[in-house]
Structures are given as C-alpha cells and as structure tokens.
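Biologist: Could you take a close look at one part of this model for me? I'd like to hear about a single serine and what sits around it.

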Amino acid sequence: MIKERGKNKGTGITIHPLLVGFWEVDQSMHTFGFDMGKRTKSCCYIWLILGAAQKILVDTGCADPEWTRQYHRPMDADTYKNPIEALAAKGIRPEEIEIVINTHLHWDHCFNNDLFPKSRIMVQKKELQYAIAPLPIHALPYESQMIHMRPPWVKAVERIEAIEGDLEISPGVAVVTLPGHSKGFQGVLIDTSKGRHLIAGDTCPKEENWRGNSQLKHIPSGIHVDLEEYFKTFEKIEKIADVVIPGHDPRVMESPVYPLGSGNYGS
Ligand SMILES: [Zn+2]
C-alpha cells in the first residue's frame, strides 16, 4: 500500500539520473500525433536511488552502440557508457545494488539486468506476460523471440520477481502501476525532502508529455498499447506525484541529483 501523500516528508532519499547513451528520433515517437518530422535528442538513463534502506537502481539501460545501431537506431558512440562505468562515477559497484526495478521490459530499460549479480529484479507480472507474446508492432522493442531474438530480460530471469500492483519496495520508495505505454508499466514514486518525485520513464519521455499543449493536458508517447489506460494513468499521476521526472529528456541532466538542490554528487 502507498502511504497517503504528505506523510514520510523529510526523507534523505535522492535520485541520481545517469546517462548511458543518446540517439536522435522523430519527436512524434515521444509525443503521439504532434511534431512529426521534427528531430529530437533522446537520452537513455538509469536511475540510482540513494539514502533509502537499500541501494536501488531503476532500469538497467540499453545495448552497446553496435547492437543498438544494428537492431534499433543510430546511437552516439562517444557518449555511450555501460551501466558499470556510469555507476563507478558515483563510487558504486554493481554487486552493491540490492534491488533493480524495471519500469518495463523494452530493450533500452532492461538490457543489462544480468550485470547486477546480487540484485532482486522487480517487474510487474502483467509486463512479463505481455513481453512473452507482444503484438507484432511491439516485437522489436521487446526483442521478442517472435522475431527470433532473445529478450534481454531472459539473461537474468531467475532473479526476476513478478509483482502485482502498487507496492512499497523500501520505506519512501514505491512502485506504482502506470499502464498505457506498455501493459505492465510501473513508475517509481519517491518521498523526498521536497515532495513526491515520480520517475515516470517512458510514460512521460519528455517534459512536453506532462506539460501538454493547447490541445491536450498531457500527451501520450507515440509508443503505446492502450490509450484509455494511458489517460487514466495521467489522472493517477496528478493525484500521487508532486514532481514528474521525464524518462528520455536531455533536460533531466540539468541537475545531477533530485530533488533539485539536494546536494552534491554521491550525497
Ligand atoms: Zn518503452
């Protein structure tokens, strides 16, 4: 159960977005039906949560540039870091990560689950079920066996825990189901000293998704399984989150740590 908003204030939990790579995409891939033909930079992040009872990592990033180029899209090789390098910059070794939370099982969010040998891996049961047999249009993002690929999450399947619904993972850190972009998508809601921060991931890949425009209060991603559920998800976010951190937005890097102004690297 998620505690009511307003309780648990004043925790020392911090969120550290770590860039592992970026690519360029059509903006409408992120903002469904808008900005077609406009190129935009899309960043791939993993999210380190410090100051909770356990060391937690949200998502494990994408493949290396060669794989990414071959199967998905051109990637900037110079800025690519594998997650072990990215965590080393924060002084964290992979075996120190106790919990991995996969927001969902698209390739660029779970590719490196196997690099965290001591970690429990938490995925929504509905996401696992869908990842096994997605619709053909989603076969590539899942690197599905349907198209003769080996889904990346299979590499550490024995450590995956299939969870169901909203759940407090550690005091001040909860997963919340946000279906729409994928069947079993989960965001991570974190009590911080400056309100409840949501790691929204691909539910709001860019700031524009949450901020909306003159036509829509909030804009779904161009990649989705269910728009009805997606708009209910937006209503849920309005109720539970004070700050929404987008999932692929370069502007996330304007602060190395969230909540804003909460300290230095590694704090
Ligand atoms: Zn996705």
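Modeller: Sure, and bear in mind that this is a predicted model. Let's start with who the serine meets: leaving out residues up to four places away in sequence, S182 touches H104, E127, Y142 and V225. As for where that serine sits, S182 belongs to the loop between β8 (173–177) and β9 (186–192). Is S182 buried or exposed? Its relative accessibility is 0%, so S182 counts as buried, the cut-off for that being under 20%.

Now for the polar side of things. The side chain of S182 makes a polar contact of 2.8 Å with the side chain of E127. The S182 side chain also reaches the backbone nitrogen of F185, at 3.4 Å.

E127 is worth following, as it takes us from the loop into a helix. It is one of the buried residues of α4 (residues 125–132), along with L128, Y130 and A131. Looking down the axis of α4, you'd find these buried residues within an arc of 165 degrees, so they line one face of the helix. The general background is that an α-helix has 3.6 residues a turn, so residues three or four places apart point the same way. What do the buried residues of α4 pack against? Two strands: β5 (120–124) and β6 (160–163). So much for the setting of the serine's glutamate partner.

Since you'll probably want to know about empty space too, here's a quick tour. The largest pocket has a volume of about 310 Å³. Its lining is made up of 16 residues, with E207, V243, V244, I245 and P246 lying nearest the centre. Both α5 (207–211) and β11 (243–246) supply at least two residues each to that lining, and β11 has the largest share, with 4 residues. Sorted by class, the pocket lining holds 9 nonpolar, 2 polar and 5 charged residues.

Then there are the closed spaces: the count is 2 cavities of 30 Å³ or more. The second largest cavity has about 30 Å³ of space. Around that cavity you'll find C44, Y45, W47, D59, H109, G201, G247 and H248. Strand β2 (residues 39–50) gives the most to this lining, namely 3 residues. By class, the residues lining the second largest cavity are 3 nonpolar, 4 polar and 1 charged.

Key: Residues numbered from 1 in each chain as written. Predicted model: local features only at pLDDT ≥ 70, side-chain atom pairs only at ≥ 80, totals over all residues. Heavy atoms only, no water. Buried < 20%, exposed > 50% of the residue type's maximum accessible area, 1.4 Å probe, protein only. Arc of directions from axis to C-beta. Contact = heavy atoms within 4.5 Å. 1 Å grid on protein atoms, 1.4 Å probe; cavity = no way out; pocket = protein on both sides within 12 Å on 5 of 7 lines; lining within 4 Å. Points joined across faces, edges and corners; volume = space filled by probe spheres on them. Nonpolar A, V, L, I, M, F, W, Y, C, P; charged D, E, K, R; others polar. Polar contact = N/O pair within 3.5 Å; in protein donor to acceptor, adjacent residues only side chain to side chain.
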